[in-house]
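Dear colleague,

I am handing over the structure we spoke of, and it is placed just below so that you can have it open while you read. My notes on what was found follow after it.

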Amino acid sequence: MQPVRKVQTATHFKLVSGPSRSDPNVTADDLLTPCSPGCRGAREMSWVDVPGDKLLEPVITMSDMLLSLEKAKPTVNEHDLIKLEEFMKDFGQEG
């Protein structure tokens, strides 16, 4: 979700080249990607101003992954883990 958040919170976008939405084998030179306000070629705009076929999503970085790991909440609680362990004792197979 970090790249999505970058797009949603961006105040500036810049023109870049990348794969065309209609044909990934073709390079498009009119795509927009989020950037900082001081970036060369930055245009002040919101993500809602960017046509969907012109958005080049940011690449996922290691810092995106680390931030997600830091903020993500467990999807399984301790009680569920105990139930799984009991199930594995009753019905599971060892390695």
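The UniProt record, an unreviewed entry, places the feature "domain: Spastin/Vps4 C-terminal" at residues 32-92. Please keep in mind that this is a predicted model. Over residues 32-92 the chain is 39% helix and 10% strand, with the C-alpha atoms at the two ends lying 51 Å apart.

Turning to the interior, the largest nonpolar core is made up of seven residues, namely Val 7, Ala 10, Phe 13, Leu 32, Met 45, Val 50 and Leu 55. Met 45, one of these core residues, touches Ala 10, Thr 11, His 12, Phe 13, Leu 32 and Val 50, when residues up to four places away in sequence are not counted.

Ser 20 sits in the loop that runs between strand S1 (12-19) and strand S2 (27-35). Its relative accessibility is 15%, and Ser 20 therefore counts as buried, the cut-off for that class being under 20%. The side chains of Ser 20 and Ser 22 are joined by a polar contact of 3.0 Å, and, again not counting residues up to four places away in sequence, Ser 20 touches Val 26 and Ala 28.

Lys 89, by contrast, belongs to helix H3 (residues 78-91), and it counts as exposed because its relative accessibility is 65%, where exposed means over 50%. The C-alpha atoms of Lys 89 and Leu 67, which are 22 residues apart along the chain, are separated by 36 Å.

With best regards

How values were computed. Residues numbered from 1 in each chain as written. Predicted model: local features only at pLDDT ≥ 70, side-chain atom pairs only at ≥ 80, totals over all residues. Heavy atoms only, no water. Helix = DSSP H or I, 4+ residues; strand = E, 2+ residues; numbered from the N terminus. Buried < 20%, exposed > 50% of the residue type's maximum accessible area, 1.4 Å probe, protein only. Polar contact = N/O pair within 3.5 Å; in protein donor to acceptor, adjacent residues only side chain to side chain. Contact = heavy atoms within 4.5 Å. UniProt positions renumbered as here; feature names shortened; annotations may be inferred. Core = buried A, V, L, I, M, F, W, Y, C linked by side-chain atoms within 4.5 Å.
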